[in-house]
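Please open the structure in a viewer and keep the sequence beside it. This tour proposes a series of selections and describes what is found at each stop.

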Amino acid sequence: MIKTKEFTERRNKLFKEIEDNSVVVMYAGVAKKYSEDETLPYTANRNFYYLTNIEQEGSIYLLAKCDGILKEFLFISEYNEVNEKWTGKRLTSDEASKLSGIENVLGLDIFSAKLDMFISGKDKTYGFYTHLYLDLDSELKIGDDLYTVQLANSLSLNYTNIEIRNVYPILMKLRMVKSPQEIEEFKEAISKTNIGLKKIMMSLKPGMFEYQISSLFYYTIQSYDYSTLSFPTICASGVHATVLHYPTPVGRINDGECLQLDLGSKNNGYCADISRVYPVNGKFTELQKKIYNIVLGCNKAVITWIKPGVTIKELQEKTIDFLANGCLNAGLIKNKEDIKNYYFHNISHHIGLDTHDISRRDLPLVAGNIISDEPGLYFKELGIGIRIEDDILVTEEGSYNLSGNIIKEISDIEKAMLFRK
Ligand SMILES: [Mn+2]
């Protein structure tokens, strides 16, 4: 678990990045509607969580910076006996304070009045403010029919003395560099993912259905320590693997095919994102090996290219070149340009509290970034799609493969699958 102290440090970093005489308001948000009276599964806004360690729906954080002095408040829903009977226990002020390290925890009912005291300039003891920072992510729902973007519009009409800014780019900059503790959380997420992958290798047999394998992964990580998925598991056999985000794993897993898995377990919010390919009957065919080894060679080359100063765009250009040469030499394509028909996604993205973490891919990498390394080749006419993905930490010296323990050599996979039940 990330210690409370680290959440306090994150808020101090945010405090340093914003203008003096500013207020920041962050919302945990509320669940979106699924259908009729049902909602989609709720997750606290990741930027809010990153700063507060609080997951409770509807919570609000307010930070004020006035003449270099920090004041902060957390607003959570008040105790409500009836609500608790329906949906279980909510945080008490004390619990919220311990989790977040924020001393002043107040009820949500006084939030609006408190914000008004800060930004209206009515009460001089609150200080004088010129800027209000909000997370203007258009998807951030904070109430019935209310998103932060709409809130910003109405606040700027009511408080003409205040300039509204987007806090999102500042939090992106902070979240892109992972702390030593965050790296530990990742390692744990990856090792849980590995437990699930081993289980799959030991259970995979021709004739099964794809959903039996994707469910097995979910069951394995859930029964291990109630972990959840980083994202819906992609489990695609044979030609299905040529659809990148193959959505409905209802196909039969046939003898002689390869099974593509792109999956991950979360650990305390941090998302592993791993791809592996297994031969359904335990043995790769010669053609599958040929394609697999081009992708694996590229996956390993990318690890050596990753270092501070390099951009993901540069990694992408080198990847295209590597895969094109590999396919040309193997007789899989006739012209280098044809590679665009068989490799058509990006080599990498940042990973963190979101699988596709908030980031800018054009920025040079720095130590502490965690990014994916996921080359792939997809030959629909051959019924073969292969993507191999590891999670890579950028270090001062270059890179470190956080998922180096998850086997990916053909000989290792075939050996492991000899022990299937
Ligand atoms: Mn990925």
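Are R175 and D357 buried or exposed? Select the two residues before reading on. Both R175 and D357 are buried. Please keep in mind throughout that this is a predicted model.

**First stop: a buried pair**

With R175 and D357 still selected, display their side chains: they meet in a salt bridge, at 2.8 Å from N to O. R175 belongs to helix α7 (residues 168–176), whereas D357 sits in the loop between α11 (312–329) and β16, so the pair ties together parts that are 182 residues apart in sequence. In general, side chains of opposite charge can pair when their charged atoms come close.

Now add K178 and D354 to the selection. Together with R175 and D357, these residues form one network, joined by salt bridges that share partners. A search of the whole structure finds 26 salt bridges, and the next stop presents two of them by name.

**Second stop: two partly exposed pairs**

Select E409 and K300, whose side chains meet in a salt bridge at 2.6 Å, N to O. This pair also links distant parts of the chain: E409 is in the loop between β20 (399–401) and α12 (410–417), K300 is in helix α10 (residues 286–305), and 109 residues separate them. E409 has a relative accessible area of 29% and is therefore partly exposed. K300 is likewise partly exposed, with a value of 36%.

Next, select R165 and E163. Their side chains form a salt bridge of 3.2 Å, N to O. R165 counts as partly exposed at 26% relative accessibility, and E163 is partly exposed at 41%.

**Third stop: the manganese ion**

Which residues coordinate the manganese ion? Select the ion and display D273, H349, E374 and E389. The coordinating atoms are OD of D273, NE2 of H349, OE of E374 and OE of E389, at 2.1 to 2.4 Å. Along the sequence, these donor residues follow the spacing D-x75-H-x24-E-x14-E.

Two of the donors deserve a separate selection. D273 lies in the loop between β14 (270–271) and β15 (274–279), and E374 lies in the loop between β16 (370–373) and β17 (376–379), so this pair ties together parts that are 101 residues apart in sequence. Both D273 and E374 are buried.

**Fourth stop: helices that meet**

Two packed helices are described by the angle between their axes and the distance between the axes. Select helix α1 (residues 4–17) and helix α4 (residues 93–100): their axes come within 7 Å and cross at roughly 75°. This angle makes α1 roughly perpendicular to α4. To see the contact, display T4, F7, T8 and R11 of α1 with K98, L99 and S100 of α4. By class, this contact contains two nonpolar, three polar and two charged residues.

Finally, select α10 and α12. Their axes come within 11 Å and cross at roughly 125°, which means that α10 is oblique to α12. In this contact, K289, Y292 and N293 of α10 meet I410, I413 and E414 of α12. The contact of α10 with α12 comprises three nonpolar residues, one polar residue and two charged residues.

Technical notes. Residues are numbered from 1 along each chain as its sequence is written. This is a predicted model: local features need pLDDT of at least 70, side-chain atom pairs count only at pLDDT 80 or more; totals for chains, interfaces and linings use all residues. Side-chain values use heavy atoms; hydrogens and water are left out. Axes are lines fitted to C-alpha atoms, for helices over the stretch in contact, and angles run from 0 to 180 degrees between N-to-C directions. Helices (H or I, at least four residues) and strands (E, at least two) are DSSP runs, numbered from the N terminus. Angles under 35 degrees count as roughly parallel, over 145 as roughly antiparallel, 65 to 115 as roughly perpendicular and the rest as oblique. Contact means heavy atoms within 4.5 Å. Ala, Val, Leu, Ile, Met, Phe, Trp, Tyr, Cys and Pro count as nonpolar, Asp, Glu, Lys and Arg as charged, and the others, Gly among them, as polar. Donors are N, O and S atoms within 2.8 Å of the metal (3.2 Å for Na, K and Ca); water is not among the atoms, so sites may look incomplete. Buried means under 20% relative accessible area, exposed over 50%, partly exposed in between (1.4 Å probe, protein chains only). A salt bridge is a side-chain nitrogen of Lys or Arg within 4 Å of a carboxyl oxygen of Asp or Glu.
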